[in-house]
Amino acid sequence: MSPENQQVSEDFYTSGDLWFSQSELQQLVVKVARGSGYCWSDAEEIGWAASWLSKFGLPGEDVVLSLMHSSELIAPTPTPQFWKEGRIPHCPLRCGLALMDFAQLPEGLGTSSLVIESMLGLPCFLAFAARTARQIQHPLKIQWEEQSLFMNEAAQPSVEIDKVSMEFGKIVEVKITRSESDMAYVRTKNSQYCVRVSSQSFEQLEAFAQQTLVPASDLSRLRAGGHDNPTS
Amino acid sequence: MRVARMGCSHPTRLSFLRQLLRRLKKENWSFDRPVWQLNQRGVGHAVYQAQGPERCYSLVAFSHDLPEEMRSDRVIATAWDATFTLFDGTPSTADIERLERNVPLQEAGRISAKELSLSRANRSVRLFEYVVKELAQGRQPERSRLEHTGYLMRTTAVYGTGKFGAADRGVLEDRPEMRAPFQAEMLSVWLTRAFTVDLVEHLAAELGGAQAVNLDPALRSLLGVGNSTGLGMAPFMVRHPVLIHHWFAAREEALARVRSQPKLTSETLDQFCEVLRAKQENANQWQSEHPLQVVKLKELREGLMQLHTFVHEEWDIAQKYPWDALWYWSQLELPLEAQEALAALLLEPHGELIDDLGDQMATDEEVTFKVDGSQLIGELRKHLHSNFFWALGTDYQQPEQCARFWYVSEEKLEPRLGERHSEPGAEREQPLDIGRQVAELRDLLREWFDETPVAQLLLVHPEFRSIVRRVQLSAHYPFAEIQDNLISSEMLPIDLLRSKLAFFGATHFDPRSDRWVRISLFQGEPYPNELNRADVS
């Protein structure tokens with residue numbers, strides 16, 4: 001795997017957009033998720049998912065913002081082979097985490113495949129599917145509508161990830177299968193180190209992240225480090 | 001890992017700056033200063049280059065004319081005497097121009113994946129100006145004054161991988177010279193040390209003209225780079241449990257290897273006695289006015305004296321496992337400060353035996369960022385009670401046991417520690433209260449059957465995911481946790497800082513309060529132009 005855009009593009013400083021490192025984006029998104037009301041545990045996972053998506057060229061920060069703005073999504077009720085829909089669509093975060101946690105259990109991937117009905121936010125879910133493949137050290141095939149892609153044991157997606165719709169509100173049925181294909185013939189997507197974030201998205205992210213910060217006061221300033229004496 | 005012992009940490013030969021220098025020497029790296037464009041007032045930029053067998057790295061230094069009233073070591077400062085970045089390769093003119101627009105701004109600027117660190121430094125005004133004046137007049141500065149301060153400039157932040165757009169760890173992980181932790185940051189600081197001396201010599205030459213002299217190499221070696229460090233380092237120790245485990249595990253493995261040597265040689269004994277003597281000398285020079293450190297320094301000096309007496313008068317070097325016997329004696333007789341000093345001393349003569357452990361101090365944390373959902377609650381409960389016993393006997397409802405909260409201030413995102421019962425902001429607390437979280441998990445698990453898989457628990461209680469992961473990790477990483485209540489009124493944050501700084505290789509730990517500290521890096525070590533003929537071990 002040879003990372004792309006390690007070199008900085010020429011318009012690095014001339015466009016209104018910002019370039020982030022993967023880790024920087026991840027840390028920002030953790031704060032964004034926490035600031036929007038997710039618990040710290042979920043925030044960590046959302047940060048990881050955003051970083052993974054961006055690493056493979058998808059707008060992780062926009063996926064996260066969509067997740068922050070979505071409401072009334074439910075956690076799945078894992079049952080063998082089929083996670084059935086209720087009245088309300090499944091949450092991609094909850095489905096993704098459950099996919100990882102139940103991967104080795106009968107209610108999860110078991111030995112064959114699993115269908116999750118009615119889920120929003122497919123890109124967000126894909127990040128967790130990738131981690132599941134690494135966790136169980138077995139490639140996975142993910143299918144929805146007429147499309148499919150593979151995740152290998154190193155949590156890398158196949159190149160079809162470029163075709164994934166970024167429409168967060170789209171409800172899809174997803175099938176996850178332990179792939180028996182020879183992954184040597186599957187082209188994986190190269191990762192990249194830099195993430196371009198539009199100034200508009202950045203403003204929205206910052207607004208959520210701000211909610212994790214404590215306003216400064218003289219007392220807090222004093223207790224943080226007190227007085228320094230630079231002449232010594 | 002208890003906080004009190006961490007607060008007595010000493011640098012060892014496995015410290016990151018020692019690892020860096022050993023590698024540079026072994027691989028015969030060369031060093032150069034291809035750019036020096038500073039005016040009479042010392043304003044301008046310079047480039048220092050380190051050329052290794054496969055790659056080169058360049059420290060790009062910007063030197064500024066800082067009004068005295070703007071000089072502050074605090075993170076909230078907005079201007080500094082000098083600012084730096086470590087560039088991956090050789091910077092072009094366009095790179096320098098880009099960096100000149102951004103590096104002086106520090107957090108307010110942006111760097112790129114071509115850069116590996118971002119840092120700044122302020123002058124130690126009294127010493128810096130004194131040295132310039134003395135050299136300008138053709139005189140060498142007084143040794144005692146150099147020893148007392150120990151540096152010409154001190155860095156106030158050295159940001160590394162991924163920060164402000166800099167290259168992520170992933171960019172570096174395949175490079176042998178960057179495999180050990182914080183090698184880019186250490187290289188940056190080491191080259192910064194050379195810059196600080198070049199800068200005083202430049203200013204002295206501008207001031208004194210023909211009569212100015214350069215700093216005597218013997219005096220120069222007394223100078224390191226200072227560093228002023230606040231609470232920002234403490235959360236790192238909690239947020240990277242697996243990495244921290246590897247640091248401590250390497251140290252413990254090293255100590256175990258030395259203790260398991262059945263005999264000692266006269267060579268290792270001589271080396272041990274020599275480093276003990278040097279440590280005593282160093283402890284006598286070590287200055288601090290902070291009451292906490294004054295007590296520790298007294299314990300250290302007395303403990304080392306006790307150790308010296310024991311080694312020369314009572315220690316039976318002919319017995320089997322003599323190093324182990326010495327260590328065992330220290331656990332019974334010496335204060336913590338001297339015990340930890342002895343740990344560092346024991347490693348010193350045993351480079352061949354332990355230096356390979358440096359390679360084990362880095363890790364890919366990504367691989368361990370997972371939860372085993374198929375684990376049964378009974379198994380999780382077992383790990384919790386076995387590995388977090390230190391957290392379970394505390395009543396976290398008691399005001400003194402939850403007296404503090406860690407938070408991030410709006411002010412330049414500075415990590416801070418608040419008083420829960422008298423300061424606002426606890427609702428935005430950072431999750432560093434590991435002991436309390438473990439106790440809450442223990443309480444929650446009382447409602448769950450042993451045979452239920454963890455996946456079911458997390459489906460209902462996703463908020464416990466992080467702490468469940470830590471409990472699961474504890475089964476494989478016994479040194480991953482700081483085994484104390486980090487929100488207690490009794491907790492001293494500087495103890496955490498000292499532990500991390502010791503792993504860096506910091507010396508002359510000088511607390512300025514219970515939550516920020518000054519230290520020195522690379523003091524006594526060779527400069528780039530001396531490395532090839534220096535004795536580096």
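## A sheet shared between the chains

In this predicted model, one open sheet of three strands follows the order β8(A)-β8(B)-β9(B), and its pairing is mixed. At the edges stand β8 of chain A and β9 (415-419) of chain B, each of which has a single partner strand, so one side of each is left without a neighbour in the sheet.

The mixed pairing can be followed strand by strand. β8(A) and strand β8 (residues 404-409) of chain B run parallel and are joined by two bridges, and in this pair A:Leu213 stands opposite B:Val408 of β8(B). β8(B) and β9(B), by contrast, run antiparallel and are joined by five bridges, with B:Glu419 in β9(B) as the bridge partner of B:Arg404.

## The contact between chains A and B

Across the two chains, 45 residues of chain A are in contact with 54 residues of chain B. On the side of chain A that touches chain B, at least two residues each are supplied by β1 (18-21), α1 (22-35), α2 (40-55), α4 (92-101), β8 (213-214) and α7 (218-225) of chain A. The largest share of that side, six residues, comes from α7(A). Sorted by class, the side of chain A that touches chain B holds 25 nonpolar, 13 polar and seven charged residues.

## Helix packing in chain A

Helix α3 (residues 60-69) of chain A takes part in a contact with helix α6 (residues 199-209) of chain A, where the two axes come within 10 Å and cross at roughly 50 degrees. That angle makes α3(A) oblique to α6(A), and the crossing in which α3(A) passes α6(A) is left-handed. In this contact A:Glu61, A:Asp62, A:Leu65 and A:Met68 of α3(A) meet A:Ser201, A:Gln204, A:Leu205 and A:Phe208 of α6(A). The residues of the contact of α3(A) with α6(A) comprise four nonpolar, two polar and two charged.

The axes of α2(A) and α3(A) come within 7 Å and cross at roughly 140 degrees. From α2(A) the contact draws on A:Ile46, A:Ala50, A:Ser51, A:Leu53 and A:Ser54, and from α3(A) on A:Gly60, A:Glu61, A:Val63, A:Val64 and A:Leu67. By class, the contact of α2(A) with α3(A) has six nonpolar residues, three polar and one charged.

## The main sheet of chain B

Chain B also contains an open sheet formed by nine strands, in the order β1-β2-β3-β4-β5-β6-β7-β11-β10, again with mixed pairing. Its edge strands are β1 (30-38) and β10 (507-511) of chain B, each of which pairs on one side only, and the twist from one strand to the next averages 25 degrees.

Within this sheet, strand β3 (residues 56-63) of chain B and strand β4 (residues 82-88) of chain B pair in the antiparallel sense over seven bridges, and B:Phe87 in β4(B) is the bridge partner of B:Ser58. Helix α21 (residues 493-504) of chain B packs on the sheet, where the helix touches β7 (224-229), β10 and β11 (517-521) of chain B, and the direction of α21 makes about 5 degrees with that of β11(B).

## Domains of chain B and a helix pair

Chain B is divided into domain 1 (9-230 + 518-533), domain 2 (262-349) and domain 3 (365-474). Between domain 1 of chain B and domain 2 of chain B, the C-alpha centres lie 33 Å apart, while eight residues of domain 1 are in contact with seven residues of domain 2. On the side of domain 1 of chain B that touches domain 2 of chain B, the residues divide into two nonpolar, four polar and two charged.

Helix α13 (residues 322-333) of chain B and helix α14 (residues 336-347) of chain B pack with their axes 9 Å apart, at an angle of about 165 degrees. The two helices α13(B) and α14(B) are therefore roughly antiparallel to each other, and their crossing is left-handed. B:Trp323, B:Trp327, B:Ser330 and B:Gln331 of α13(B) meet B:Ala338, B:Gln339, B:Leu342 and B:Leu346 of α14(B). The contact of α13(B) with α14(B) has five nonpolar and three polar residues, and no charged residues.

Methods
Residues are numbered from 1 along each chain as its sequence is written. Chains are lettered from A and ligands numbered from 1 in the order in which they are written. This is a predicted model: local features need pLDDT of at least 70, side-chain atom pairs count only at pLDDT 80 or more; totals for chains, interfaces and linings use all residues. Two strands pair if DSSP finds at least two bridges between them. Helices (H or I, at least four residues) and strands (E, at least two) are DSSP runs, numbered from the N terminus. Axes are lines fitted to C-alpha atoms, for helices over the stretch in contact, and angles run from 0 to 180 degrees between N-to-C directions. Angles under 35 degrees count as roughly parallel, over 145 as roughly antiparallel, 65 to 115 as roughly perpendicular and the rest as oblique. A crossing is left-handed if the near helix is turned anticlockwise from the far one by less than a right angle, and right-handed if clockwise. Ala, Val, Leu, Ile, Met, Phe, Trp, Tyr, Cys and Pro count as nonpolar, Asp, Glu, Lys and Arg as charged, and the others, Gly among them, as polar. Domain bounds come from an automatic or database domain assignment.
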